[in-house]
Amino acid sequence: MHDVALYGHLTLDRIFDNFKKDCSIGSIGNVWKHLNKLNPNLKIYVEPTDIGEAMILVNRDTNERASIANLSLRYRKPTLKKSKWNHIMYINELNDISYIKNIKSGIVSADVCRGRIIEDLSILKHVDFLFLSDEDEFCDPNRICKFLRKGLILHHSLGSSFYHNTGKKIDNFKVKQIDGVNVLGCGDMLVSGFIDYYLKHQDTSRALQGSHDAISKYLNEQKGKNNGNS
């Protein structure tokens, strides 16, 4: 059995940080990278279902990033493997989501990107955790989390909120905003950290706090390097 299985989008990212250009592998690639960095001992199964491209602009002055993408230039049905954790990238933009209900082992999580909204929320009854940025919020969080088996993680620049699937409790996690950094990939870092910490501790609060701490450490290190080069 694998520790983590990653399904969904794999992208070639063309990144513009001011006028500095770079190319990188995004989506599943980002989650794999951060999982591997956090815990090199994890046995990770990578199975992209949709392959595409994206162009991304980063603004360090406002801690923002924006993108345009063709996420599904090619797509296929995945081969599913038994895993302790299964994560599906960009569930709202997948060409085929029917395979999700066939995942029978471990915890199932998914995230959402900017684009189409999830018209039929009933697909979420096969998902334990959904990760959603406040920038991509498409529906009342309390309504969304009622379909989920465990709850909704709504994240933003100052932390995150965990909405329990009962709709009766919200746990808030606050972080200090770090200015002048590249926030690209922080959502994927949150997902990676949460998965790793949850597999270790089986606790939502510890997983979210640990993930936020890891992101803050990474951004402060990034800022320190940038200041050293200025």
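This is a short talk on the strands, cores, one pocket and two backbone oddities of the structure above.

Hi everyone, and thanks for coming. Please keep in mind throughout that this is a predicted model.

Let me start with strand β7, residues 129–133. Five of its five residues are buried. If you look at the side chains, Phe129, Phe131 and Ser133 point one way from the strand, while Leu130 and Leu132 point the other way. Both groups are buried.

Which strands does β7 pair with? On one hand there is β6, residues 107–111, which runs parallel to β7 and is joined to it by three bridges. One pair to find on your screen is aspartate 111, whose bridge partner in β7 is phenylalanine 131. Then there is β8, residues 151–156, also parallel to β7, with five bridges joining the two. Here leucine 130 stands opposite leucine 152, and phenylalanine 131 stands opposite isoleucine 153. So phenylalanine 131 turns up in both pairings, with aspartate 111 and with isoleucine 153.

Moving on to β8 itself, five of its six residues are buried. Its pairing with β9, residues 159–164, is antiparallel and runs over six bridges. Leucine 154 of β8 has serine 161 of β9 as its bridge partner. The two strands form a hairpin, with two residues between them.

Now for the cores. As a general point, nonpolar side chains in soluble globular proteins tend to be buried together. In this model the largest nonpolar core has 29 residues, and those with the most contacts inside it are Leu35, Trp85, Phe129, Ile153 and Phe194. The elements that each supply at least two residues to this core are β1, α1, β5, β7, α3 and α4. Helix α3 gives the most, with seven residues.

Tryptophan 85 is a nice one to click on. Setting aside its neighbours within four places in sequence, tryptophan 85 is in contact with Asp3, Val4, Ala5, Ile107, Ser109, Phe129, Phe194, Ile195, Tyr198 and Leu199. There is also a second, separate core of 26 residues, which includes Tyr45, Ile91, Leu132 and Ile144. If you remember Leu130 and Leu132 pointing the other way from Phe129 in β7, it is worth spotting that Phe129 is listed in the largest core and Leu132 in the second.

Next, helix α1. The buried residues here are Ile28, Gly29, Asn30, Val31, His34 and Leu35. What do they pack against? Their partners are β1, β2, β3, β5 and α3.

Helix α1 also takes us to a pocket, the second largest, with a volume of about 250 Å³. Its lining is made of His34, Lys37, Leu38, Met189, Gly193, Tyr197, Asp213, Ala214, Lys217, Tyr218 and Glu221. Helices α1 (28–38), α3 (186–201) and α4 (204–229) each supply at least two of these residues, and α4 has the largest share, with five. By chemistry, the lining divides into five nonpolar, two polar and four charged residues.

Let's pick out aspartate 213 from that lining. It sits in helix α4. Is aspartate 213 buried, partly exposed or exposed? Its relative accessibility is 44%. Buried means under 20% and exposed means over 50%, so aspartate 213, at 44%, counts as partly exposed. For a sense of scale, aspartate 213 and valine 46 are 167 residues apart in sequence and 26 Å apart in space, C-alpha to C-alpha.

Last topic: two residues with an unusual backbone angle. Most residues other than glycine have a negative phi. Asparagine 18 has a positive one, near 60°. Asparagine 18 is found in the loop between β1 (2–17) and β2 (20–27). With 55% relative accessibility, asparagine 18 counts as exposed.

The other is serine 27, which has a positive phi of about 60° although it is not a glycine. Where is serine 27? It lies in strand β2. At 3% relative accessibility, serine 27 counts as buried. So we have a positive phi in an exposed asparagine 18 and in a buried serine 27.

That's my tour, and I'm happy to turn the model around on screen for anyone who wants another look.

Technical notes. Residues numbered from 1 in each chain as written. Predicted model: local features only at pLDDT ≥ 70, side-chain atom pairs only at ≥ 80, totals over all residues. Heavy atoms only, no water. Buried < 20%, exposed > 50% of the residue type's maximum accessible area, 1.4 Å probe, protein only. Helix = DSSP H or I, 4+ residues; strand = E, 2+ residues; numbered from the N terminus. Pairing = 2+ DSSP bridges. 1 Å grid on protein atoms, 1.4 Å probe; cavity = no way out; pocket = protein on both sides within 12 Å on 5 of 7 lines; lining within 4 Å. Points joined across faces, edges and corners; volume = space filled by probe spheres on them. Nonpolar A, V, L, I, M, F, W, Y, C, P; charged D, E, K, R; others polar. Core = buried A, V, L, I, M, F, W, Y, C linked by side-chain atoms within 4.5 Å. Contact = heavy atoms within 4.5 Å.
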